[in-house]
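The turns below go through one chain, starting with the terms and then moving from residue to residue. Please keep the view open while reading.

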Amino acid sequence: GYYTAMILGKIIAGWVADKIGRRAVYAFGAMGAAVCIPLIVWYGNHDNIIYLMIAFGFVYGIPYGVNATYMTESFETKIRGTAVGGAYNVGRVMAMAGLADAGHIGMGFLVMGGAYFLCGLVPALFIKDKQFDPQK
């Protein structure tokens with residue numbers, strides 16, 4: 001269920017991004033994933049976890065569906081590789097800090113949710129669609 005929802009999220013995200021723009025879709029997906037994570041940590045139980053994970057899989061797939069095109073168009077060529085690699089790996093750096101090991105795994109998930117929220121909010125407010133479009 002989770003993987004199917006994630007694949008559908010990626011496909012639908014690409015289709016919607018072609019209609020309304022990559023920035024809005026990316027921000028919606030990242031912030032949607034950020035909202036789902038605390039719901040899973042605090043309210044997930046034996047009866048509802050499958051539904052929460054399917055919803056999370058769908059919104060988690062959305063930013064990945066437009067990540068390559070939106071991120072590529074967001075940075076100028078001379079810094080594109082570093083910027084995209086840095087933006088893509090922010091969550092991994094936090095994971096290496098051992099947040100899940102320091103407390104319980106829920107704390108690691110909540111910090112990851114905060115990172116997702118910021119990764120949706122910053123583009124929504126500051127990074128325009130096709131700012132450095134390679135096609136131009």
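Q: Buried means under 20% relative accessible area, exposed over 50%, and partly exposed in between (1.4 Å probe, protein chains only). Which class does Leu121 fall into?
A: This is a predicted model, in which local features need pLDDT of at least 70, side-chain atom pairs count only at pLDDT 80 or more, and totals for chains, interfaces and linings use all residues. Residues are numbered from 1 along each chain as its sequence is written, and side-chain values use heavy atoms, without hydrogens and water. The relative accessibility of Leu121 is 29%, so the residue counts as partly exposed.

Q: How many helices and how many strands does the chain have?
A: Helices (H or I, at least four residues) and strands (E, at least two) are DSSP runs, numbered from the N terminus. Read from the N terminus, the order of elements is α-α-α-α-α-α-α. The secondary structure therefore comes to seven helices and zero strands.

Q: What share of the 136 residues in the chain is buried?
A: Two chain totals give the overall picture. Among contacts (heavy atoms within 4.5 Å) with a separation of 6 or more, 79% are between residues 24 or more positions apart. Of the 136 residues, the buried share is 34%.

Q: Which residue forms a salt bridge with Glu73?
A: A salt bridge is a side-chain nitrogen of Lys or Arg within 4 Å of a carboxyl oxygen of Asp or Glu. The structure holds one such pair. Its closest N and O atoms are 3.2 Å apart, and the residue that pairs with Glu73 is Arg22.

Q: How many residues apart in the chain are Glu73 and Arg22?
A: The salt bridge between Glu73 and Arg22 links distant parts of the chain. Glu73 belongs to helix 3 (residues 49-74) and Arg22 to helix 2 (residues 22-43). Along the chain, the two are separated by 51 residues.

Q: Are Glu73 and Arg22 buried or exposed?
A: The class follows from the relative accessibility. Glu73 has 7%, so Glu73 counts as buried. Arg22 has 16%, so Arg22 too counts as buried.

Q: How far apart are the C-alpha atoms of Arg22 and Lys130?
A: Leaving out residues up to four places away in sequence, Arg22 touches Ala17, Val66, Thr69, Tyr70, Glu73, Asp129 and Lys130. Lys130 is thus among the contacts of Arg22. Arg22 and Lys130 are 108 residues apart along the chain, while their C-alpha atoms are separated by 8.5 Å.

Q: What is the distance in space between Leu121 and Ala30, C-alpha to C-alpha?
A: Leu121 is part of helix 7 (residues 105-126). In sequence, Leu121 and Ala30 are 91 residues apart. In space, their C-alpha atoms are separated by 8.3 Å.

Q: Why is the pair of Tyr26 and Tyr70 described by its planes as it is, and which word applies?
A: Rings of Phe, Tyr and Trp (its six-membered ring) pair if their centres lie within 6.5 Å; planes under 30 degrees apart count as stacked, over 60 as edge-to-face and the rest as tilted. The whole structure has six aromatic pairs. In one of them, the ring centres of Tyr26 and Tyr70 are 5.3 Å apart and the planes are at 35°, so the pair is tilted.

Q: Which helices do Tyr26 and Tyr70 lie in?
A: Both Tyr26 and Tyr70 are buried. Their ring pair links distant parts of the chain, with 44 residues in separation. Tyr26 lies in helix 2, and Tyr70 in helix 3.

Q: Which residues do ring pairs link into a cluster?
A: A search for aromatic pairs covered the whole structure. Ring pairs form a cluster from Tyr2, Tyr3, Phe56, Tyr60, Tyr64 and Tyr116.

Q: Which residues is Ser74 in contact with, leaving aside neighbours within four places in sequence?
A: Ser74 lies in helix 3. Its relative accessibility is 4%, so Ser74 counts as buried. With those neighbours set aside, the contacts of Ser74 are Ile127, Gln131 and Phe132.

Q: What is the relative accessible area of Leu8?
A: Leu8 belongs to helix 1 (residues 2-20). Leu8 is partly exposed because its relative accessible area is 43%.
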